[in-house]
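Okay, thanks for making time, everyone. I'll put the structure up and then walk you through a few parts of it.

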Amino acid sequence: MQQQQPSVRAVTIPFADLKDRGKDLGGFIEEGFGPQGLGIVSIAGVPGYPELRKRLLRLAPRIVSLPDDVKKQLEDPDSRYHFGWSRVEEKFESERWDTAKGSYFANPVFDVPTTDDELVTRYPSYCRPNIWPKDHLPELEIAFKGLGKLMLEVGLMLAHHCDRYVIQRGVGQYIGESLEKTLARSRCPKGRLLYYFPKSFSKQDEVSSWCGWHTDYGFLTGLTCGLFTRKSEEVPCPDIGTGLYVRTRDNQVVKVTLVDDELVYQIGETAEILSRGHLCATPHCVKAPSSEDASDVGRSTFVLFIQPNWDEPLKLPSEIRYHQECIPPTRTLAYGEYSERVLASFSGKSVEQTLMPQ
């Protein structure tokens, strides 16, 4: 059995301070997102958030329990399973595929991001329309959009303070426009409602047993704390070692301590690149319960990827810490093309295979 990893409390910003655009939160941003931070900041006291979180997360096990033929109708292979129901495997760690979760993807703001057929064909994972189970779980659409829109609104407030912090560091503007402006005009935020299936008891007790090590490739990721269920009944977290883990800059693995009613945000690789390293992404994973009596416990959570438009130009610097094998330096790539190249590395396919609708 592995040694218990140390726990670290996430940097927390009160919502009342976050919404004050003139308040200097540079110390919080540096502690959470700076070079020595965990790449994580939580927001406390967001009005309405606790209720919206529970309303949506309680629906994740119900999606999983829908008949297989219904879930099949909710799949969208032409979007590479980035809309609707998905049980597609992801390869985060070099020799292992993630098979422990099911997902429901949707854009919480725009049901139809664009009517341009060429864009829908070129960027299907961003531009295809939402799919909702209106006949089988009609409450999903309302709950998904309600939580997703709130997380986007709070995320843009946080982006404003990230911009101020980067400028205060004396490096001038980003490579390109500010984080807040870039994200505010985007038509493709993407929500992902996740259900982690119960894991069989294992004495190996791997830290990445529920989700493999990876770093978010986008700009800003909002996420909720997990909600645990056993046979559709809510239960407390069954194991103090269960949850989100981060690998720090000095290669230390720590468990991140979070509060259920706080909204959490992580910095992505693209924000690190364009801020010249002043905002720093960190690798992270999710650990399943390791106690023998928790083998039938599942976990629900919701993630919002706050990202630029598919055609937003990214001016890449000469030195890039991430994905050097597929991202050319000193070039300008559309965000859609950049992300497709990264996703190809996750799926084990070539860029050309990933770009072609299946």
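One bit of vocabulary before we start: when I say two strands pair, I mean that DSSP finds at least two bridges between them. And keep in mind that this is a predicted model.

Let's begin with strand 17, residues 297-306. Nine of its ten residues are buried, so strand 17 is largely enclosed by the rest of the structure. Who are its neighbours? Strand 11, residues 227-230, pairs with strand 17 through four bridges, running antiparallel. If you want to find that pairing on screen, look for R230, whose bridge partner in strand 17 is V297. Strand 8 also runs antiparallel to strand 17, and there we get seven bridges. Pick out Y196 and you'll see R299 of strand 17 as its bridge partner.

Then there's strand 10, which is antiparallel to strand 17 with four bridges between them. You can check the register with two pairs: T221 sits opposite F305, and L223 sits opposite V303.

Staying with strand 10, what does it pair with besides that? Strand 15, residues 263-267, is joined to strand 10 by four bridges, antiparallel again. L220 faces I267 there. Now, a general reminder: side chains in a regular strand alternate between the two faces of the sheet. So which faces of strand 10 are covered? Both of them: L220 and G222 are buried on one side, and T221 and L223 are buried on the other.

Next up, empty space. Rolling a water-sized probe over the atoms shows where there's space left. How many cavities of 30 Å³ or more do we count? Just one, and the space in it comes to about 40 Å³. The lining is A60, I63, V64, W85, G102, S103, Y104, L193, L194 and Y195. Helix 4, strand 7 and strand 8 are the elements that each give two or more residues to that lining. By class we have eight nonpolar residues, two polar ones and no charged ones around the cavity. And yes, strand 8 is the one I mentioned a minute ago, with the seven bridges to strand 17.

Now a helix. In helix 2, residues 26-33, the buried residues are G26, I29, G32 and F33. Down the helix axis those buried residues fall within an arc of 140°, so they line one face of helix 2. The general reasoning is the usual one: an α-helix has 3.6 residues a turn, so residues three or four places apart point the same way. What's on the face turned away from the buried side? That's where the exposed residues G27 and E31 are.

Last stop, around strand 3. S42 is in strand 3. Is S42 buried or exposed? Its relative accessible area is 0%, and the cut-off for buried is under 20%, so S42 counts as buried. The side chain of S42 makes a polar contact of 2.9 Å with the side chain of E262.

Compare that with G45, in the loop between strand 3 and helix 3. G45 has a relative accessibility of 58%, and exposed means over 50%, so G45 is exposed. It's also worth clicking on P14 while you're there: the C-alpha atoms of G45 and P14 are 6.2 Å apart, with their positions 31 residues apart along the chain.

That's my tour, so over to you.

How values were computed: Residues are numbered from 1 along each chain as its sequence is written. This is a predicted model: local features need pLDDT of at least 70, side-chain atom pairs count only at pLDDT 80 or more; totals for chains, interfaces and linings use all residues. Side-chain values use heavy atoms; hydrogens and water are left out. On a 1 Å grid over the protein atoms alone, a cavity is a set of points where a 1.4 Å probe fits but cannot get out, and a pocket is an open set with protein on both sides within 12 Å along at least five of seven lines; lining residues have an atom within 4 Å of a point. Grid points are joined across faces, edges and corners, and a volume is the space filled by probe spheres set on the points. Ala, Val, Leu, Ile, Met, Phe, Trp, Tyr, Cys and Pro count as nonpolar, Asp, Glu, Lys and Arg as charged, and the others, Gly among them, as polar. Buried means under 20% relative accessible area, exposed over 50%, partly exposed in between (1.4 Å probe, protein chains only). The arc is that of the directions from the helix axis to the C-beta atoms. A polar contact is a pair of N or O atoms within 3.5 Å; within protein, one must be able to donate a hydrogen and the other to accept it, and residues adjacent in sequence count only if both atoms are side-chain atoms.
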